[in-house]
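Please look over the sequence and the model shown here before reading the notes beneath them. The notes are grouped by topic, so that each point can be checked against the coordinates.

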Amino acid sequence: MPPKPKITKDMILTAVLDITRETGFEAVNARSIAGKLQCSTRPIFTCYENMEELKVEFLAFAFEYYNLYVEKYKKSEQVVSYLLFPLSYIEFAKEETNLFRLLFISDMDLDMVEANDFYRELGNEEKAKAFSQMIGVDPKQGKEIFLDLFLYSHGIAVLTATGKLSFDKRNLETMLQNFLSAYVKQEREKVGSSYGIQSLSN
């Protein structure tokens, strides 16, 4: 009889991902993981000191899954580059509701007292700079627009994840495009300039 395969951290994290996607992170415990892996709970606590340690690693694992989702969305959907983030974010909320709730509602590492607190979260500054270049605005204005776009998109995504809202991709794209166009126009008028790409100038 061949020996049973050794249970690894990657196998445990994948099992937690499957359970979370299917029924929510609330269903994750040593017993449910063991059931998924068809083993005892001992290998879990050989790899991890406790469930809290496992959760910390799983959040990073799940966020990487989200990043891969965005990359796949980018390749499979024909969307303008500056709408990739909001559209993929909302679609993730729709398709991967339980993971979205965990990552971006329950355990979202964002505590905003004022607007600039958004840019204390790792990666947001770089995303805003790239976004500014895409829509043709200076970085300072781009950060303001990107933050408002995030708040607008997050509201739609949360309503989608909680089953309160359901829009198809075309309607969402139009809504986001209109939001950005209006915002860029407002910023142009504020600073008296003519920056911005053509598709946002109407």
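What follows is a briefing on the overall fold, the core, two helix contacts and several individual residues.

The model is a predicted one. Its protein chain contains nine helices and zero strands, and its elements, read along the sequence, give the pattern α-α-α-α-α-α-α-α-α.

**Overall fold and surface**

- Of the 202 residues in the protein chain, 38% count as buried.
- The accessible surface of the protein chain amounts to about 11900 Å², and carbon and sulfur atoms hold 52% of that surface.
- Among the contacts in the protein chain with a separation of 6 or more, 59% join residues that lie 24 or more positions apart.

**The largest nonpolar core**

- The largest nonpolar core has 55 residues, and the members that touch the most other members are Ile12, Ile33 and Phe58.
- At least two residues of this core come from each of helix 1 (9-23), helix 2 (30-37), helix 4 (51-76), helix 5 (84-95), helix 6 (97-106), helix 7, helix 8 and helix 9 (169-191).
- Helix 8 provides the largest share of this core, with eight residues.
- Leaving out residues up to four places away in sequence, Phe58 touches Leu13, Val16, Leu17, Thr20 and Phe25, and in addition Leu99 and Leu102.
- As a general background to such a core, nonpolar side chains in soluble globular proteins tend to be buried together.

**Helix 1 against helix 2**

- The axes of helix 1 and helix 2 come within 9 Å and cross at roughly 105 degrees. Because angles of 65 to 115 degrees count as roughly perpendicular, helix 1 is described as roughly perpendicular to helix 2.
- On the side of helix 1, the residues that meet helix 2 are Met11, Ile12, Ala15, Val16, Asp18, Ile19 and Glu22, while helix 2 contributes Ser32, Ile33, Lys36 and Leu37.
- Sorted by class, the contact of helix 1 with helix 2 consists of seven nonpolar residues, one polar residue and three charged residues.
- Two residues of this contact, Ile12 and Ile33, are also among the core members that touch the most other members.

**Helix 7 against helix 8**

- Helix 7 (residues 124-135) packs against helix 8 (residues 139-161) at an angle of about 110 degrees, and their axes are 8 Å apart. At that angle helix 7 is roughly perpendicular to helix 8.
- Helix 7 makes the contact through Asn124, Glu125, Lys127, Ala128, Phe131, Ser132 and Ile135, and helix 8 does so through Pro139, Gly142, Lys143, Ile145, Phe146 and Leu149.
- The residues of the contact of helix 7 with helix 8 comprise seven nonpolar, three polar and three charged ones.
- Is Ser132 of helix 7 buried or exposed? Ser132 counts as buried, because its relative accessibility is 2%, which is under the 20% cut-off.
- Apart from neighbours within four places in sequence, Ser132 is in contact with Val137, Asp138, Pro139, Gly142 and Lys143.

**The loop between helix 2 and helix 3**

- Gln38 lies in the loop between helix 2 and helix 3, and it has a positive phi of about 55 degrees although it is not a glycine. In general, most residues other than glycine have a negative phi.
- Gln38 counts as exposed, because its relative accessibility is 71% and the cut-off for exposed is over 50%.
- Ser40 is placed in the loop between helix 2 and helix 3 (42-47), and Ser40 is partly exposed, with a relative accessible area of 44%.
- Ser40 and Ala30 are ten residues apart along the chain, and their C-alpha atoms are separated by 8.9 Å.

**The loop between helix 6 and helix 7**

- Met112 is found in the loop between helix 6 and helix 7, where it counts as partly exposed at 31% relative accessibility.
- Not counting residues up to four places away in sequence, Met112 touches Asp117, Phe118 and Leu147.
- Ala115 also lies in the loop between helix 6 and helix 7, and it counts as partly exposed at 41% relative accessibility.
- Ala115 and Leu147 are 32 residues apart in sequence, while the distance from C-alpha to C-alpha is 7.8 Å.

Methods
Residues numbered from 1 in each chain as written. Predicted model: local features only at pLDDT ≥ 70, side-chain atom pairs only at ≥ 80, totals over all residues. Heavy atoms only, no water. Axes fitted to C-alpha atoms, helices over the stretch in contact; angles between N-to-C directions. Helix = DSSP H or I, 4+ residues; strand = E, 2+ residues; numbered from the N terminus. Parallel < 35°, antiparallel > 145°, perpendicular 65-115°, else oblique. Contact = heavy atoms within 4.5 Å. Nonpolar A, V, L, I, M, F, W, Y, C, P; charged D, E, K, R; others polar. Core = buried A, V, L, I, M, F, W, Y, C linked by side-chain atoms within 4.5 Å. Buried < 20%, exposed > 50% of the residue type's maximum accessible area, 1.4 Å probe, protein only. Areas by Shrake-Rupley, 256 points an atom, 1.4 Å probe, with all protein chains shown as cover.
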